[in-house]
Each structure stands twice: as C-alpha cells, then as structure tokens.
Amino acid sequence: MLEVDALECAYGRHLALDDVSLRVREREVVAILGANGAGKTTLLNAVAGLVRPAAGSIRYRGEDLIGLRPHQIVERGVATVAEIRRLFGPMSVMENLSLGAFASAGRGAASVAAERVFELFPRLKERRRQAVRTMSGGEQQMVAVGRALMSRPSLLLLDEPSLGLAPLIAAELFAALEKIAREGETSILMVEQNARRALKMADRAYLLALGRIVGEGAAKALAQDRAVAESYLGL
Ligand code: ATP
C-alpha cells in the first residue's frame, strides 16, 4: 500500500535520506530501526508531507503523495501520531481527540471512532474531561495515538511511541498497538528505540544507517541475527 522509492531528503547540503526504498503492505506492521540521526524521523515526516523530498517517490495505494499537504495525506488514510508536545495541553482529552476527526472519513463517524479509542485505552474514557497537560507522559501518549486513530487511518505512522515512558505504561501502549495491528484494518510503520519490542510486534523491519537502508527482513529473523543484535538490541 505504501511504496517509497529512491527517496532523497536533504537539509541544506546534508543528505538525511539517500536512495531509500521500502514497502508497507496491507495489514503489515513494519519497523524502522536505526541509531540517533539515522534519518528515521525524516522518513516518517516525508511520508506525512512535513518534509519535502529532494528526489524519489512516495506512493500510497497507487497515488503520489509528494506535493500533497499534510492534511490531504491524512484524508488519504495516512495518520501520524503527533509528538506529545503537539497536543493541546489546556484542552481536554475529548477535545484533543475531536481534533483528529477533521478528515472527511472521520467526520460522520467521530463518535464511533471515539468509542473505539476508549475501548483501546479505557483510562482515557475515565479521564475524557481532564486537561491533557495534567496527565502523565504515558497517558498523553495514549491521547496522541487516539487522536491519530480518530481519522480512522489505514496506515498509522508512529515515531518512537514508547520514548521516555515508564515500562508498565509502555507495555500498556504496546498492547493497544498490537490490538490495532491484529484487527487488520490499519497497517503500521513505526520507528522505535526499543528495537526488541519493535521486532516482537513487527512483521518486517528495515535497518537504516546514516540515511541509507542497510538491511531488511522478517522481524523474527532479524531478532535472531547476531549482527543485528549487536547493533540494535544492545547485546
Ligand atoms: P533521532 O532518533 O535522533 O531523532 P533520526 O533517525 O530520527 O534520529 P532524523 O531526525 O531524521 O534522524 O535526522 C537525520 C539527520 O538529519 C541528522 O543528521 C539530523 O541532524 C539531520 N536533521 C534533522 N532535522 C534537521 C533539520 N530540521 N535541519 C537540519 N538538519 C536536520
């Protein structure tokens, strides 16, 4: 469903992505592993329309995404989980979720989508009137994932969902993400610092180093690969 080919992104003269090609198929969970500065965020931002590539193509269900505005990309079914700091802190959980439902596919079905989010994250339902800035980091991350789900995306882009979260709440978040993946309506492309967890959840993964894809394969096989373990799993 997502086809990235020969993608190049540059910041001034610095080439952050060089000849990157990858695929995400329907119902697939794909992880991108790489060290700090490898270009993972740049890749997700390019798909989301937040960074304009210098060369290459990004196609989604056959349509070229390059040149579309970020909101048009959301309307095509590709939603990004916003960084926590891009939530609206003084506003309630419910108000933040509603902002995610602006895309046409979400509009009529906003209450159905909200129910779905509350099923995945019951504690958001209890706290739906609470101001987001008064919630814990993990709860705010749940709001961020929930807000992206409000547009009922067919592809969810996740940038380091467990960054800075306590282990228990990270586990809760991953359980919800696995549920989303298993239900099969939403594919996931994720960048995750916790490579072990990412490989456990993903079907396939790509290894990114200094802006280039240096490896790819089935997540199970990569998790057992000695070189991968040394570079990405901290063994
Ligand atoms: P991290 O996990 O540290 O966020 P990353 O793999 O997501 O790393 P990117 O954030 O995509 O990597 O950055 C890739 C490269 O591009 C880095 O060398 C970074 O310094 C550079 N870079 C990223 N954003 C900008 C920017 N706005 N202006 C200039 N250089 C940038």
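Here are four short exercises on this predicted model, each with a worked solution.

Residues are numbered from 1 along each chain as its sequence is written. In this predicted model, local features need pLDDT of at least 70 and side-chain atom pairs count only at pLDDT 80 or more, while totals for chains, interfaces and linings use all residues, and side-chain values use heavy atoms, with hydrogens and water left out.

**Exercise 1. The sheet**

Work out the strand order of the open sheet of four strands and follow the pairing of Val4.

*Solution.* Strands are DSSP runs of E with at least two residues, and helices are runs of H or I with at least four, both numbered from the N terminus. Two strands pair if DSSP finds at least two bridges between them.

- Step 1: The order is 2-1-4-5, with antiparallel pairing.
- Step 2: Strand 2 (14-24) and strand 5 (63-64) each have a single partner strand, so one side of each lacks a neighbour in the sheet.
- Step 3: Strand 1 (residues 2-11) is joined to strand 2 by seven bridges, and five bridges join strand 1 to strand 4.
- Step 4: Val4 faces Leu22 in strand 2, and its bridge partner in strand 4 is Ile58.
- Step 5: Two residues separate strand 1 from strand 2 in a hairpin, where Gly12 in the turn has a positive phi of about 60°.
- Step 6: Strand 4 (residues 55-60) meets strand 5 over two bridges, with Tyr60 opposite Glu63.

**Exercise 2. The nonpolar cores**

Find the residues with the most contacts inside the largest nonpolar core, then look around Phe121.

*Solution.* A nonpolar core is a set of buried Ala, Val, Leu, Ile, Met, Phe, Trp, Tyr and Cys residues joined through side-chain atoms within 4.5 Å. Buried means under 20% relative accessible area, exposed over 50%, and partly exposed in between, using a 1.4 Å probe and protein chains only.

- Step 1: The largest core has 51 residues, and Phe121, Leu124, Val145 and Ile188 have the most contacts inside it.
- Step 2: Helix 8 (residues 167-183) gives the largest share of this core, eight residues.
- Step 3: A second, separate core has 30 residues, including Leu7, Leu44, Leu155 and Tyr206.
- Step 4: Beyond neighbours within four places in sequence, Phe121 is in contact (heavy atoms within 4.5 Å) with Met142, Val145, Gly146, Leu173 and Ala176.

**Exercise 3. Helix 1**

Decide why helix 1 counts as largely enclosed by the rest of the structure.

*Solution.*

- Step 1: List the buried residues of helix 1: Lys40, Thr42, Leu43, Leu44, Ala46, Val47 and Ala48.
- Step 2: Seven of the nine residues of helix 1 are buried, so the rest of the structure largely encloses it.
- Step 3: Move on to Gly49, which follows helix 1 and has a positive phi, near 85°.

**Exercise 4. Two positive phi values**

Compare Arg152 and Glu160: which is buried, and which is partly exposed?

*Solution.*

- Step 1: Arg152, in the loop between helix 7 and strand 7 (155-159), has a phi near 45°, a positive value in a residue other than glycine.
- Step 2: Arg152 is partly exposed, with a relative accessible area of 44%.
- Step 3: Glu160, in the loop between strand 7 and helix 8, has a positive phi of about 50° although it is not a glycine.
- Step 4: Glu160 is buried, with a relative accessible area of 16%.
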